[in-house]
Amino acid sequence: MKFADYLSVFRNRRIAAVALLGFASGLPLALTSGTLQAWMTVEGIDIKTIGLFTLAGQAYVFKFLWAPLMDRYAPAGLARWTGRRRSWLLLTQGLLALGIAAMGLVGPAHALGALALLAVLVAFLSASQDIVYDAWRTDVLPAVERGAGASVMVLGYRIAMLVSGGLALWLADVWLGWRGMYLLMAVLMLGAIAATLFAPEPDAPPATPRSMEEAIIGPLKAFFARRGAFDFLLLIVLYKLGDAFAGLVDGGDGEAQLGGDHARHADQRHEERAGLSARAEDDETLQIRDRFDIRRHQHLPPALDFGTQPCAEFFG
C-alpha cells in the first residue's frame, strides 16, 4: 500500500463519522464519575455518599446483558428512516442530552436522591450508546479501514473525556458554574445527533436476528467457532491487567492523601475547639475577678475583709 492510499483512508466519510461518534461515546463518562464527584465534594457531600455514587458506572460492566435486545429490536419509527443502528444512536443521544441537563438542574445540594437516579440513567444510556456505536462501526467499516477506525475512535473518545473532565472543571470554576457547565455538556451531547445523521449506513446491512435465542446464541457460536478465540480472550484480560493494577496504586495514594487531609482537618478542629475553650475560660476568669476585686471591698471593716487579700493574690 502506498502512503497516499493510506492517507486516503482518513479522508472518507466513514472515518470522519467514527471520530465524531467516538467523541459522543466518551462525553458522558466523566459527567457521572470524576466530574460529578468533584461537584459533590465542593458541595460538602460526605465521602461515603460520594463512594456510593461510583456504583452508577456499573452499567458499563453489565451492558452485555441488554446488548442482544438492542440487536434484536429497533425503534420502529426511527429505524425506517435512519436504519437499525442509527435509530438507537439517535434515541440514546437525545435522552442523554436530557439526562445530563437534568443533572445540572438538580445538583447535589438539595436533591441527592434524584441526582443519583439521573446518574444511573445517564450511565445506562451511555453504555447503550456504546453498544450500538460498536455495532455500527463493525457494520460500516470494511476490513482495510478497521485499524484506522479504531484509532480515530480512541482519539475522539479521549478528547471527549478531556472536555467533560479537565475542561469541564475549569469552566465550572472560572466561567459557567456547575449548573451552566452541565447544560453546556448537554448541548454538546445534543450536537452528536448531527454526527449520527451525517454517518452513512453500511453498504450491506447485516440481517436482523429472528429471535432472542439467535441474538444471544448466534454471536457466541460464531465467535468460539473461530480459531484462537480463547487465546484472544486471554489477550484481552492480560491487556487490561496493567490498568487494573495502576488503578489500585493510584487508589492507595489517594487513600493515603485522603487520610492525611482528614488528620489535618481533625487537628485543625481540635485547635479551634481548644482556642474557644481557652477564650471561654479567660472570660469566666475575668468575670470572677471583677466580682471579687479587692478594690470593691476596700470600704469593708477589717473584720469582714479577711477573704479579700487571698482572692487578690489568687486572681492578681
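Q: Where in the chain does F62 lie, and is F62 buried or exposed?
A: In this predicted model, F62 lies in the loop between α4 and α5. With a relative accessibility of 39%, F62 falls between the limits of 20% and 50% and therefore counts as partly exposed.

Q: How far is F62 from A127 in space, and how far along the chain?
A: Sequence separation and spatial separation have to be read as two quantities. The C-alpha atoms of F62 and A127 are separated by 8.8 Å, whereas the two residues are 65 residues apart along the chain. For the chain as a whole, if one takes the contacts between residues at least 6 apart in sequence, 76% of them join residues at least 24 apart.

Q: Which secondary structure elements does the chain have, and what share of its residues is buried?
A: The chain has 13 helices and 0 strands, and the elements, followed from the N terminus, are α throughout. Of the 316 residues, 32% count as buried.

Q: How should the length of a helix such as α2 be checked?
A: One compares an expected span, taken at 1.5 Å a residue, with the separation of the end C-alpha atoms. The 19 residues of α2 should span 27 Å, and the end C-alpha atoms are 29 Å apart, so the two values agree. At the start of α2, a side-chain oxygen of N12 comes to within 2.9 Å of the backbone nitrogen of R14. The buried residues of α2 include I15, V18, L21, L27 and L31, and also S25 and P28.

Q: Which residues have the most contacts inside the largest nonpolar core, and which elements supply that core?
A: A nonpolar core is read as a set of buried nonpolar residues joined through side-chain atoms. The largest one here has 32 residues, and those with the most contacts inside it are L36, I100, M103, M181, Y182, M185 and M189. Two or more residues of this core come from each of α2, α3, α4, α7, α8, α9 and α10, with the largest share, 7 residues, coming from α10. I100 illustrates the packing: leaving aside residues up to four places away in sequence, I100 touches L31, V122, Y182, M185, A186 and M189. A second, separate core of 23 residues includes A59, Y133, A148 and V152.

Q: How many salt bridges are counted, and which residues are linked in a network of them?
A: The count comes to 7 salt bridges, and D71, R84, R85 and D139 are linked in a network. Within that network, R84 and D71 have their closest N and O atoms 2.9 Å apart. Their pairing links distant parts of the chain, with R84 in helix α7 and D71 in helix α5, 13 residues apart, and both residues are buried. R85 is found in helix α7 and, at a relative accessible area of 12%, is buried. The side chain of R85 makes a polar contact of 2.8 Å with the side chain of D139, and the residues that R85 touches, not counting those up to four places away in sequence, are D71, V132, A135, W136, D139 and P206.

Q: How exposed are the partners in the salt bridges D134 with R137 and E214 with R210?
A: D134 and R137 both lie in helix α8, 3 residues apart, which is about one turn of the helix, and their side chains meet at 3.0 Å, N to O. D134 is partly exposed at 32% relative accessible area, while R137 is buried at 16%. In the pair of E214 and R210, the closest N and O atoms are 3.3 Å apart; E214 is partly exposed at 33%, and R210 is exposed at 70%.

Q: Which side chain of opposite charge is nearest to D130, and why is that pair not a salt bridge?
A: D130 is found in helix α8 and is buried, and the nearest side chain of opposite charge, K63, is 4.1 Å away. A salt bridge needs a nitrogen within 4 Å of a carboxyl oxygen, so the separation of 4.1 Å does not qualify. D130 does touch K63 nonetheless, along with S25 and Y60, when residues up to four places away in sequence are not counted.

Notes: Residues are numbered from 1 along each chain as its sequence is written. This is a predicted model: local features need pLDDT of at least 70, side-chain atom pairs count only at pLDDT 80 or more; totals for chains, interfaces and linings use all residues. Side-chain values use heavy atoms; hydrogens and water are left out. Helices (H or I, at least four residues) and strands (E, at least two) are DSSP runs, numbered from the N terminus. Buried means under 20% relative accessible area, exposed over 50%, partly exposed in between (1.4 Å probe, protein chains only). Lys and Arg count as positive and Asp and Glu as negative; His and the chain ends are not counted. Contact means heavy atoms within 4.5 Å. A nonpolar core is a set of buried Ala, Val, Leu, Ile, Met, Phe, Trp, Tyr and Cys residues joined through side-chain atoms within 4.5 Å. The expected span of a helix is 1.5 Å times one less than its number of residues. A polar contact is a pair of N or O atoms within 3.5 Å; within protein, one must be able to donate a hydrogen and the other to accept it, and residues adjacent in sequence count only if both atoms are side-chain atoms.
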